[in-house]
Amino acid sequence: MGKAEKLEQQIGALSPEELAQFRAWFLDFDWAAWDAQLESDVQAGRLDALAENALAEHAARKTTRL
């Protein structure tokens, strides 16, 4: 049995209170991982083309106000 399967079993055995605590912890953990990936992508310039495209479309008046 792999680590993921073991975790699934352990999570399935949590009480409702423990599951709520786990959810809160995992949400924070997941957002931190997302933030780190986004920061890495920004630093590496992987979003530059998207930003340039958005700015060009806005300059060409191809955008709408929210």
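Student: What does G45 do just after α2?
Tutor: G45 takes a positive phi of about 80° there. Helices here are DSSP runs of H or I with at least four residues, strands are runs of E with at least two, and both are numbered from the N terminus.

Student: What kind of model is this?
Tutor: This is a predicted model, in which local features need pLDDT of at least 70, side-chain atom pairs count only at pLDDT 80 or more, and totals for chains, interfaces and linings use all residues. Residues are numbered from 1 along each chain as its sequence is written, and side-chain values use heavy atoms, with hydrogens and water left out.

Student: Back to phi. Where does R61 sit?
Tutor: R61 lies in the segment after α3. R61 has a positive phi of about 60°, although R61 is not a glycine.

Student: And what sign does phi mostly have?
Tutor: Most residues other than glycine have a negative phi.

Student: Is R61 buried or exposed?
Tutor: Exposed, with a relative accessible area of 76%. Buried means under 20%, exposed means over 50%, and partly exposed is in between, using a 1.4 Å probe and protein chains only.

Student: How many residues of α3 are buried?
Tutor: The number is zero out of twelve, so α3 lies largely in the open. Helix α3 covers residues 48–59 and reaches 16 Å from its first C-alpha to its last, close to the 16 Å expected. The expected span is 1.5 Å times one less than the number of residues.

Student: How many residues does α2 have?
Tutor: α2 has 28 residues and reaches 40 Å, close to the 40 Å expected. Helix α2 runs over residues 16–43, and L27 is in it. L27 counts as partly exposed, at 48% relative accessibility.

Student: How are L27 and T63 placed?
Tutor: They are 36 residues apart along the chain, and their C-alpha atoms are separated by 33 Å.

Student: New topic. How many helices and strands are there?
Tutor: Three helices and zero strands. From the N terminus on, the order is α-α-α.

Student: What is the radius of gyration of the chain?
Tutor: It is 20 Å, but a compact globule of 66 residues would be near 11 Å. The radius is taken over C-alpha atoms, and the globule rule is 2.2 Å times the number of residues to the power 0.38. Along the principal axes, the C-alpha atoms fill a box of roughly 55 × 30 × 15 Å.

Student: What share of the 66 residues counts as buried?
Tutor: 2%. D41 is buried, with a relative accessible area of 17%.

Student: Which residue does D41 meet in a salt bridge?
Tutor: R46, at 2.8 Å from N to O between the side chains. A salt bridge is a side-chain nitrogen of Lys or Arg within 4 Å of a carboxyl oxygen of Asp or Glu.

Student: How many salt bridges does the whole structure have?
Tutor: A search of the whole structure finds one.
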